[in-house]
Amino acid sequence: MRPIDVRDLLEHPGSSKTVRVEEPVPGLSTELVEVPQDVPLEGDLTLESVIEGIYVTGAVSGRMALRCARCLKDFERDFDVRMQEMFVREPGPEDDYILESDLQLDPEPMVRDAVVLDMPFSPLCTPECLGLCERCGGDRNLGECTCSERVDPRWAGLEGFTEEP
């Protein structure tokens, strides 16, 4: 994402402006979730000049490509993430976002953090997903598995015995 010039805001405390962002952010992914690099994130960010620096609020939206943690099917889902962060001039030990020395605000770290934190850790294609058969790997959502039942080898010696009335 391109940095935003905030010189005019810092010179006028109490002022604000809204900035439209429509850019892809590379590298937004976890093991099972990814925001495709060719799809831009879209949203409006409101930048407010305060004593400490620039207070940023807003939301970005886009589309995630996910892989179900149970059945491994690929699916997509829209997302909309709200953000509110403070970009400070003088960094302290607990400040996450700092204005650049040329009075530019880079929204990418804030957007990246918000989107990655919004990604599901264990995405499911549906809440009722049955997953894969642990014996043959077949998709149990498509029907009952027909693979043979595995016998515990500790009981194999009793296979020939039958119970008579």
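Asp95 counts as partly exposed in this predicted model, because its relative accessibility is 33%. The residue sits in the loop that runs between strand E6 (74-88) and strand E7 (97-98). On the surface, Asp95 joins Glu94, Asp96 and Asp113 in a patch of negative charge.

Opposite charges also meet in this model, and a search of the whole structure finds 12 salt bridges. One of them pairs the side chains of Glu23 and Arg2, at 3.3 Å from N to O. Glu23 belongs to strand E2 (residues 16-23) and Arg2 to the segment before strand E1 (4-5), so this pair ties together parts that are 21 residues apart in sequence. The two partners are covered to unlike degrees: Glu23 is buried, with a relative accessible area of 13%, whereas Arg2 is exposed at 59% relative accessibility.

A salt bridge also joins the side chains of Glu42 and Arg20, with an N to O distance of 3.7 Å. Here Glu42 comes from strand E4 and Arg20 from strand E2, so parts that are 22 residues apart in sequence are tied together. Glu42 is partly exposed, with a relative accessible area of 34%, and Arg20 is partly exposed as well, at 43% relative accessibility. Both residues take part in a network of salt bridges that links Arg20, Glu22, Glu42 and Asp44.

For Asp74 and Arg67, the side chains meet in a salt bridge of 3.0 Å, N to O. Asp74 counts as exposed, because its relative accessibility of 57% is over the 50% cut-off. Arg67 is partly exposed, with a relative accessible area of 38%.

Strand E4 (residues 41-49) also holds Ser49. At 6% relative accessibility, Ser49 falls under the 20% cut-off and therefore counts as buried. A polar contact is found here too, as the Ser49 side chain reaches the backbone oxygen of Leu9 at 2.9 Å.

Two nonpolar residues complete the picture. Ile54 lies in strand E5 and is buried, with 0% relative accessibility. Between the C-alpha atoms of Ile54 and Leu41, which are 13 residues apart along the chain, the separation is 22 Å. Leu72 is placed in the loop between strand E5 (53-67) and E6, where its relative accessible area of 47% makes the residue partly exposed. Leu72 and Leu32 are 40 residues apart along the chain, and their C-alpha atoms are separated by 9.0 Å.

Technical notes: Residues are numbered from 1 along each chain as its sequence is written. This is a predicted model: local features need pLDDT of at least 70, side-chain atom pairs count only at pLDDT 80 or more; totals for chains, interfaces and linings use all residues. Side-chain values use heavy atoms; hydrogens and water are left out. Patches are made of residues with over 30% relative accessible area and no salt bridge: like charges are joined within 9 Å, nonpolar side chains (Val, Leu, Ile, Met, Phe, Trp, Tyr) within 5 Å. Accessible areas come from the Shrake-Rupley method with a 1.4 Å probe; for residues, only the protein chains shown count as cover. A salt bridge is a side-chain nitrogen of Lys or Arg within 4 Å of a carboxyl oxygen of Asp or Glu. Lys and Arg count as positive and Asp and Glu as negative; His and the chain ends are not counted. The place of a charge is taken as NZ of Lys, CZ of Arg, CG of Asp or CD of Glu. Helices (H or I, at least four residues) and strands (E, at least two) are DSSP runs, numbered from the N terminus. Buried means under 20% relative accessible area, exposed over 50%, partly exposed in between (1.4 Å probe, protein chains only). A polar contact is a pair of N or O atoms within 3.5 Å; within protein, one must be able to donate a hydrogen and the other to accept it, and residues adjacent in sequence count only if both atoms are side-chain atoms.
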